[in-house]
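Q: Got a minute to go through this one with me? I'd like the main features, quickly.

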Amino acid sequence: MKNVVKKNDKGRGVYATCDYELGETIEVAHVIVADLRPDLPHPFDTWTYAFGSKVAIALGNGSLYNHSYNPNADWVVNRRDKTIRYYAVRRILHGAEITINYQGLGSLEPVHFKVKT
């Protein structure tokens, strides 16, 4: 199911166009791997994922999911296939914003921006 990107108080966010059950795949995004170090600042910081010693930009909605310390989704990287699978960590209802924790599920590690709830 294709979800929708809408403007919100965080800039943009990805919103569910259907209900997702626990564990259900939301999206499998292919990635473009860039020869940039994930531990150093670069122009694409806001939209990239660590991908081994490089960074990856997720296609589709993958680089548009907003951060939350109480997310309703998580992701898993498949380096061999160069994809990221996003899946529901609890039930997500139609119309809800889909969020992930940029630092990893359950992490309270700070991010480099003010978190809007």
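A: Sure. Keep in mind that this is a predicted model. Start with Tyr86: its relative accessible area is 1%, so Tyr86 is buried.

Q: Which aromatic ring pairs with Tyr86?
A: Tyr65 does. The ring centres are 4.7 Å apart and the planes meet at 40°.

Q: Stacked, edge-to-face or tilted?
A: Tilted, because 40° is neither under 30 degrees nor over 60.

Q: How many aromatic pairs turn up in the whole structure?
A: One.

Q: Where do the two tyrosines of that pair sit?
A: Tyr65 is in the loop between S5 and S6, and Tyr86 is in strand S8. They are 21 residues apart, so the pair links distant parts of the chain.

Q: Is Tyr65 buried or exposed?
A: Buried, with a relative accessible area of 2%.

Q: Now the core. How many residues are in the largest nonpolar one?
A: It has 21 residues. Tyr86 is among those with the most contacts inside it, along with Tyr20, Ile26 and Ile98.

Q: Which strands supply at least two residues each?
A: S3, S4, S5, S7, S8 and S9. S4 covers 48-51, S7 covers 73-78 and S9 covers 97-100.

Q: Switching to the sheet. What's the strand order?
A: S4-S5-S3-S8-S7. It is an open sheet of five strands with antiparallel pairing.

Q: Which strands are at the edges?
A: S4 and S7. Each of them pairs on one side only.

Q: What's the average twist?
A: It averages 35° from one strand to the next.

Q: Let's go through the pairings. How many bridges join S3 to S8?
A: Five, with the strands running antiparallel. S3 spans residues 25-34 and S8 spans residues 83-88. Thr25 stands opposite Tyr87 in S8.

Q: And how many between S3 and S5?
A: Four, again antiparallel. S5 runs over residues 54-58. There, Val33 has Ala56 as its bridge partner.

Q: How many for S7 and S8?
A: Six bridges, in the antiparallel sense. One to look at is Val77, whose bridge partner in S8 is Ile84.

Q: What about the loop between S7 and S8, which residue has a positive phi there?
A: Lys82. Its phi is positive, about 55°, although Lys82 is not a glycine.

Q: Is Lys82 buried, exposed or partly exposed?
A: Partly exposed, at 43% relative accessible area.

Q: Back to the loop between S5 and S6. Where does Asn61 fit in?
A: Asn61 is found in that loop, ahead of strand S6 at 66-67.

Q: Buried or exposed, for Asn61?
A: Buried. Its relative accessible area is 9%, and the cut-off for buried is under 20%.

Q: Which residues does Asn61 touch?
A: Leaving aside residues up to four places away in sequence, Asn61 touches Asn3, Val5, Val14 and Glu27.

Q: Last topic: charges over rings. Which ring does the charged end of Lys6 sit over?
A: The ring of Tyr15, at 5.0 Å from its centre.

Q: And what does Arg79 lie over?
A: The face of Phe51, at 6.0 Å from the ring centre.

Key: Residues numbered from 1 in each chain as written. Predicted model: local features only at pLDDT ≥ 70, side-chain atom pairs only at ≥ 80, totals over all residues. Heavy atoms only, no water. Pairing = 2+ DSSP bridges. Buried < 20%, exposed > 50% of the residue type's maximum accessible area, 1.4 Å probe, protein only. Contact = heavy atoms within 4.5 Å. Core = buried A, V, L, I, M, F, W, Y, C linked by side-chain atoms within 4.5 Å. Axes fitted to C-alpha atoms, helices over the stretch in contact; angles between N-to-C directions. Phe/Tyr/Trp six-rings, centres within 6.5 Å; stacked < 30°, edge-to-face > 60°. Lys NZ or Arg CZ within 6 Å of the ring centre and 35° of its normal.
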